Amino acid sequence: MTITLDLTSLVLSSIVIFFALLTPLMSPLFRRLKHDEQPASTNPLPPVTILLVSNGDHQALDEHLPIYLTQTYEPGYDVVVVSEKADLETENVLKRYSQDPKLYHTFVPDTSRYMSKNKLAITLGVKAAKNDWIVLTDPRCKPADSHWISSLARSLGSDKNLVLGYSNYSDEAKAHHRFEQLHTSLYLLRHAQGGKAFRTNCHHVSFRKSEFMNRNGFLEYLKYSIGEYDFLVNKFSEEGKTAVATEESTWLWENPIMEKTWQNRRVYFHEVGKHLEGGGSIQVVHAIDTIALHLTYLLILATCIYAGVTMRWILLGASIAAFLVTTILRTLNGKKALQLFKVKIPAWKIVPLELGLLRHSLFTRMRYEYTDKNDFISHKI
């Protein structure tokens with residue numbers, strides 16, 4: 001067997017190796033978030049209100065409410081829980097903590113049939129809040145320890161009106177849920193660090209009561225039964241007034257969710273995204289990253305087949321080397337990102353999970369196209 005280096009092999013080998021080295025850099029797992037900048041202001045930390053909207057998951061509320069009620073935070077805070085009036089199990093949970101002066105409980109009226117109950121619940125919770133800074137999260141999420149508010153409050157500067165935080169599913173959740181949550185969060189949080197935020201996929205948003213009330217809250221979105229966090233972020237985020245809390249001590253961990261719930265969340269965003277502003281640049285970056293990822297592997301596969309058929313063994317070797325190089329680089333980049341955000345996924349799963357994102361996206365798009373769009377509004381028109 002004679003091995004010769006012809007011009008075609010040289011050109012194709014150079015191209016495939018170039019893409020193998022370049023495209024691993026085109027990923028949110030490679031691009032890092034900026035570190036938190038400690039505020040230079042000497043102003044005291046503000047008192048805050050933690051707002052929890054219960055959607056009937058009384059077990060999660062019972063598990064996590066004690067963590068919220070036992071925070072160590074000298075400026076002071078209160079916890080507002082909003083639930084449906086007919087939710088007796090949640091009411092029984094709250095009765096066990098009713099002696100805590102920090103806890104306040106209010107209900108969504110039974111008559112609220114023609115608007116989003118979650119948006120109404122948040123609005124009622126905002127009105128009940130004692131403090132201007134409100135930290136909105138979900139009862140299924142839990143802080144790491146009792147110093148969570150103290151860490152988060154350092155981002156609540158006097159010049160800010162909105163702070164986005166990071167949350168992911170706990171270790172018991174499926175690997176592809178946790179991987180996609182981090183993958184999407186890195187796009188959204190990095191975009192928010194650059195100026196105006198587009199949306200959030202995390203149950204972790206802090207905002208000002210005064211601005212929410214002065215600008216009529218969710219008024220223009222009340223008919224949509226979904227997208228509370230997305231609409232809140234998209235409406236109130238402003239250039240220079242939005243911060244991102246990235247310290248590990250500010251993170252939240254959410255209980256695992258069922259596959260159907262995870263799929264529904266993805267379908268819902270296709271509808272919510274139609275009503276948000278300013279997402280063009282992040283969508284372009286995401287599209288370029290996705291094309292680069294799949295184009296590289298398709299190019300490697302094509303050159304391998306071509307080299308085998310034409311017996312260009314140097315090209316075949318270069319293609320195999322390109323596959324190994326790009327896979328190793330993507331694995332190393334992904335491993336660093338996963339370790340940084342404490343997401344426990346074996347390194348060998350990173351590339352398959354990254355390649356699987358496109359399949360999930362296409363499947364979600366198909367589901368959305370066949371969904372009755374009336375399912376996304378709180379009353380039928």
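Q: Let's start with a pair of helices. In this predicted model, does helix 6 pass helix 9 in a left-handed or a right-handed crossing?

A: The crossing of helix 6 past helix 9 is left-handed.

Q: Which residues make the contact between these two helices?

A: From helix 6, look for His-176, His-177 and Glu-180. From helix 9, the partners are Glu-259, Trp-262 and Arg-266. Sorted by character, the residues of this contact are one nonpolar, two polar and three charged.

Q: How should I read the geometry of such a pair, and at what angle do helix 6 and helix 9 pack?

A: For two packed helices, the description rests on the angle between their axes and the distance between those axes. Here, helix 6 and helix 9 (residues 259–272) pack at about 25°, and their axes lie 11 Å apart. Angles under 35 degrees count as roughly parallel, and helix 6 and helix 9 are therefore roughly parallel to each other.

Q: Now to helix 10. What span should its 31 residues have, and how far apart are its end C-alpha atoms?

A: The idea is to count 1.5 Å a residue. Helix 10 covers residues 280–310, so a span of 45 Å is expected, and the end C-alpha atoms are 44 Å apart, in agreement with that. Just after helix 10 comes Met-311, with a positive phi near 55°.

Q: Which residues of helix 10 are buried, and which helices do they pack against?

A: The buried set consists of Ile-282, Asp-289, Ala-292, Leu-293, His-294, Thr-296, Tyr-297, Ile-300, Thr-303 and Ala-307. These buried residues pack against helix 1 (7–22), helix 6 (175–193), helix 11 (313–340) and helix 12 (350–369).

Q: Could we try one residue? Is Thr-123 buried or exposed, and what does it touch?

A: Buried means under 20% relative accessible area. Thr-123 has 17%, so it is buried. You will find Thr-123 in helix 4 (residues 117–128). Leaving aside residues up to four places away in sequence, Thr-123 touches Phe-212 and Phe-218.

Q: Stepping back, how many helices and strands are there in the protein, and what box do its C-alpha atoms fill?

A: The protein has twelve helices and ten strands. Along the principal axes, its C-alpha atoms fill a box of roughly 85 × 50 × 35 Å.

Q: What share of the residues is buried, and what share of the contacts joins residues 24 or more positions apart?

A: Of the 381 residues, 50% are buried. Among contacts with a separation of 6 or more, 83% are between residues 24 or more positions apart.

Methods
Residues numbered from 1 in each chain as written. Predicted model: local features only at pLDDT ≥ 70, side-chain atom pairs only at ≥ 80, totals over all residues. Heavy atoms only, no water. Helix = DSSP H or I, 4+ residues; strand = E, 2+ residues; numbered from the N terminus. Expected span 1.5 Å × (residues − 1). Buried < 20%, exposed > 50% of the residue type's maximum accessible area, 1.4 Å probe, protein only. Contact = heavy atoms within 4.5 Å. Axes fitted to C-alpha atoms, helices over the stretch in contact; angles between N-to-C directions. Parallel < 35°, antiparallel > 145°, perpendicular 65-115°, else oblique. Left-handed = near helix turned anticlockwise from the far one by under 90°. Nonpolar A, V, L, I, M, F, W, Y, C, P; charged D, E, K, R; others polar.
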